[in-house]
Amino acid sequence: MQYRLNVNGADHNVEVDPDTPLLWVLRDAMNLKGTKYGCGSGLCGACTVHVDGAPVRACMTEISSLGTKKVTTIEGIGTTAVGKRVQEAWLKIDVMQCGYCQPGQIMEATALLAKTPKPSDAEITDAMGSHLCRCGTYTRIRAAIKLAAE
Ligand code: FES
């Protein structure tokens, strides 16, 4: 089936089955490889993107559920003021180790700060708690969020 999808501000036509997860539309049909596949079950957060500004797990989001909603990925988040600030904080704190989970972490952190510009520790824990990092960069992620919030 043919779908028209707005991703990072541009419209794209893709031909996929209705139950195709957004993750595979982004990675395979649109060659946007920044969004990562981790668990495929909504559990790790590696595939997090924004749909109309809210963080969603792309591995659990069927393309047929999107309609005219706007999708933003790690490739586009730096064009927003908050996303740019978060990415700069990530670099300044030197958060990444292997880096695999970091696009999803950045997308979640950006959504948090867009909604709650000065989050408390509890709010950071609540927002970021379901994102897994096998390298254990959690302390630096928290520091980067606090830096981006200043
Ligand atoms: Fe989607 Fe893990 S790959 S939550």
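**Two domains and one sheet**

In this predicted model, the protein is divided into domain 1 (2-72) and domain 2 (77-149).

Q: How far apart do the C-alpha centres of domain 1 and domain 2 lie?
A: The protein has a domain 1, residues 2-72, and a domain 2, residues 77-149. Between the C-alpha centres of the two the distance is 20 Å.

Q: Which element gives the largest share of the side of domain 1 that touches domain 2?
A: Domain 1 puts 15 residues into the contact, and domain 2 puts in 12 residues. On the side of domain 1, the elements giving two or more residues are β3 and β4. The largest share there is 3 residues, and it comes from β3.

Q: How many residues of the side of domain 1 that touches domain 2 are charged?
A: This side of domain 1 has 15 residues in the contact. They divide into 6 nonpolar and 8 polar residues, and the number charged is 1.

Q: Why is one side of β2 and of β4 left without a neighbour in the sheet?
A: The open sheet has 5 strands with mixed pairing, in the order β2-β1-β5-β3-β4. β2 (10-15) and β4 (54-57) are therefore left without a neighbour on one side, because they stand at the edges and each has a single partner strand.

Q: Which residue in β4 does H50 stand opposite?
A: β3 covers residues 48-51 and pairs with β4 in the antiparallel sense over 4 bridges. Opposite H50, in β4, stands P55.

Q: At about what angle does helix α3 run to β3?
A: Helix α3 consists of residues 102-115 and lies across β3 and β4. Its angle to β3 is about 40°.

Terms used
Residues are numbered from 1 along each chain as its sequence is written. This is a predicted model: local features need pLDDT of at least 70, side-chain atom pairs count only at pLDDT 80 or more; totals for chains, interfaces and linings use all residues. Two strands pair if DSSP finds at least two bridges between them. Two residues are in contact if their C-beta atoms, placed from the backbone, lie within 7 Å. Axes are lines fitted to C-alpha atoms, for helices over the stretch in contact, and angles run from 0 to 180 degrees between N-to-C directions. Domain bounds come from an automatic or database domain assignment. Ala, Val, Leu, Ile, Met, Phe, Trp, Tyr, Cys and Pro count as nonpolar, Asp, Glu, Lys and Arg as charged, and the others, Gly among them, as polar.
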